[in-house]
Amino acid sequence: MKLTSDRRKLVFSLGVLLLVATCVLALAWQARWLSREAGQWLAPLLVCGLIACVAPWFKRWQAVVVILLLLGYVPLLQPRIKQWELRAFGAPGWHERSQALEGQLAPDFELVDLDGQTFRLSEHRGKVVFIERWRSWCPPCLENLPYLSYAHAELAGEGLVVSAMNAEPPHVQEVLRKDLALPFPMLVEDTSLPRLYTEHEVFPQTLLIDREGRFARVDVGGGYYLLRELMREIRGEEWDGVTNVSPPLTPGTNR
């Protein structure tokens, strides 16, 4: 029995080390210290660590059930890891495309928002326009929306126009707008939107258009980096995250 107990402790210790190593790997991957391909190991390593920590404490048949359940969790982790990958690295070829677009004139478009008001890009020439393409099933998108509310409240008076663009049914967007108290226009995508805006379905997609109507930033992501980019474009200053502005909004609050 003592030997069995020692083995259990050894396997448990290895599992804990594996979980710690997975966390370190995830942080390094998100910081882009590792290649994009390293992300494919996150889910298997995490599940193996959980198996090593949990399975030894069950009887043999129970351990088999636990292992099968944890292995079934791998496919559920993949969509979230894919979102992390897109956020850190962008879609394959995305950065090359965004660099090619920066400095080009943004094609004009006209869309209707959830309130039935028409939004035409060319009517905002002379202002900085920020457009966020998002989807309700995208966790990073939902994390970014409160940051957009903060940017709208903080910088609208200095020439910033914030809007969000979504192709999902209006009632889906309306629920989230009310839940997050979003004050900016929520545009409904349709077939009239130029293909340049929709050819890459990666989310959240950041489109920052300068006062001359040219793309200043085309990328995937937002949040903290979004605010830094807006401060640089509008105020001509770097944001240190502490002294220049207050902390961002949290879902369900408004300013």
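This report describes a small sheet, one helix and an enclosed space in a predicted model.

Residues are numbered from 1 along each chain as its sequence is written, and side-chain values use heavy atoms, with hydrogens and water left out. Because the model is predicted, local features need pLDDT of at least 70 and side-chain atom pairs count only at pLDDT 80 or more, while totals for chains, interfaces and linings use all residues.

Strands (E, at least two residues) and helices (H or I, at least four) are DSSP runs numbered from the N terminus, and two strands pair if DSSP finds at least two bridges between them. Strand 1 has these two partners:

| Partner of strand 1 | Bridges | Sense | Residue opposite Val 112 |
|---|---|---|---|
| Strand 2 (residues 118-120) | three | antiparallel | Thr 118 |
| Strand 5 (residues 186-188) | two | antiparallel | Val 188 |

Strands 1 and 2 form a hairpin with four residues between them, and in its turn Gly 116 has a positive phi of about 85°. Along strand 1 (residues 110-113) the side chains alternate, so that Leu 111 and Asp 113 point to one face and are buried (under 20% relative accessible area, 1.4 Å probe, protein chains only), whereas Glu 110 and Val 112 point to the other face and are not buried.

Helix 6 (residues 139-155) has 17 residues, which at 1.5 Å a residue should span 24 Å (1.5 Å times one less than the number of residues), and this agrees with the 25 Å between its end C-alpha atoms. Its buried residues include Cys 141, Leu 145, Leu 148 and Leu 155.

Notes: Buried means under 20% relative accessible area, exposed over 50%, partly exposed in between (1.4 Å probe, protein chains only).
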